[in-house]
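The exercises below concern cysteines and enclosed space, and each is followed by a solution that proceeds step by step.

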Amino acid sequence: MDVFLDAALDEARQGLAEGGIPIGAVLVLDGRIVGRGHNRRVQRGSAVLHAEMDCLEQAGRLTAADYRRSTLYSTLSPCDMCSGAALLYGIPRIVVGEHRTFRGPEDYLRSHGVELTVVDDARCVGLMRDFIAARPELWHEDIGVD
């Protein structure tokens, strides 16, 4: 088991328990978690507070050198917005729990030098499949689909 993916999954479960969308993320720097977050769009009435964005916000201001040494873990493939944030800050590695239920611009990230690893974790897949089946309208709102 990967302790960092486990931490991201804990964040996803916390988001679900709060009535939100079960996606979690952690930012790891030098072997320790410096930021953690979960999708809080529902809880905060936010248009942009995806798990990765919440995680970066919770990490606070880091130096460019810190971002370039970090790894972002997310339970789900990052969307265009979250991928763009990773590129903006020069995060070189992203570990994705799963991309069966949603696949962000992974090839684009790779084409910009990001080392992207998809774990295909059954827990992440199950969490999202169960959520999408139970709350399709909320899921579609989150990814901008009518």
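**Exercise 1.** How many residues of the lining of the largest cavity are nonpolar, how many polar and how many charged?

*Solution.* The model is a predicted one. Begin with the search of the whole structure, which finds 1 cavity of 30 Å³ or more. The space inside the largest cavity comes to about 110 Å³. Next, consider its lining, which is made up of 14 residues, and among these I23, H50, L76, C79 and D142 are the closest to the centre. Two elements, α3 (51-59) and α8 (136-142), are those that give two or more residues to this lining. Sorting the lining residues by class then gives the result, namely 9 nonpolar, 3 polar and 2 charged.

**Exercise 2.** Determine how many disulfides a search of the whole structure finds, and examine C55 and C82 individually.

*Solution.* A disulfide is a covalent bond between the sulfur atoms of two cysteines, and the cut-off applied to a pair of sulfur atoms is 2.5 Å. Across the whole structure, the search returns 0 disulfides. For C55, the nearest cysteine sulfur belongs to C82 and lies 10.0 Å away, and C55 is in no disulfide. For C82, the nearest cysteine sulfur is that of C79, at 3.8 Å, and C82 is likewise in no disulfide.

**Exercise 3.** Are C55 and C82 buried or exposed?

*Solution.* The step needs one cut-off, since a residue is called buried when its relative accessible area is under 20%. The relative accessibility of C55 is 0%, so C55 counts as buried. For C82 the value is 2%, and C82 therefore counts as buried.

Key
Residues are numbered from 1 along each chain as its sequence is written. This is a predicted model: local features need pLDDT of at least 70, side-chain atom pairs count only at pLDDT 80 or more; totals for chains, interfaces and linings use all residues. Side-chain values use heavy atoms; hydrogens and water are left out. Buried means under 20% relative accessible area, exposed over 50%, partly exposed in between (1.4 Å probe, protein chains only). On a 1 Å grid over the protein atoms alone, a cavity is a set of points where a 1.4 Å probe fits but cannot get out, and a pocket is an open set with protein on both sides within 12 Å along at least five of seven lines; lining residues have an atom within 4 Å of a point. Grid points are joined across faces, edges and corners, and a volume is the space filled by probe spheres set on the points. Helices (H or I, at least four residues) and strands (E, at least two) are DSSP runs, numbered from the N terminus. Ala, Val, Leu, Ile, Met, Phe, Trp, Tyr, Cys and Pro count as nonpolar, Asp, Glu, Lys and Arg as charged, and the others, Gly among them, as polar.
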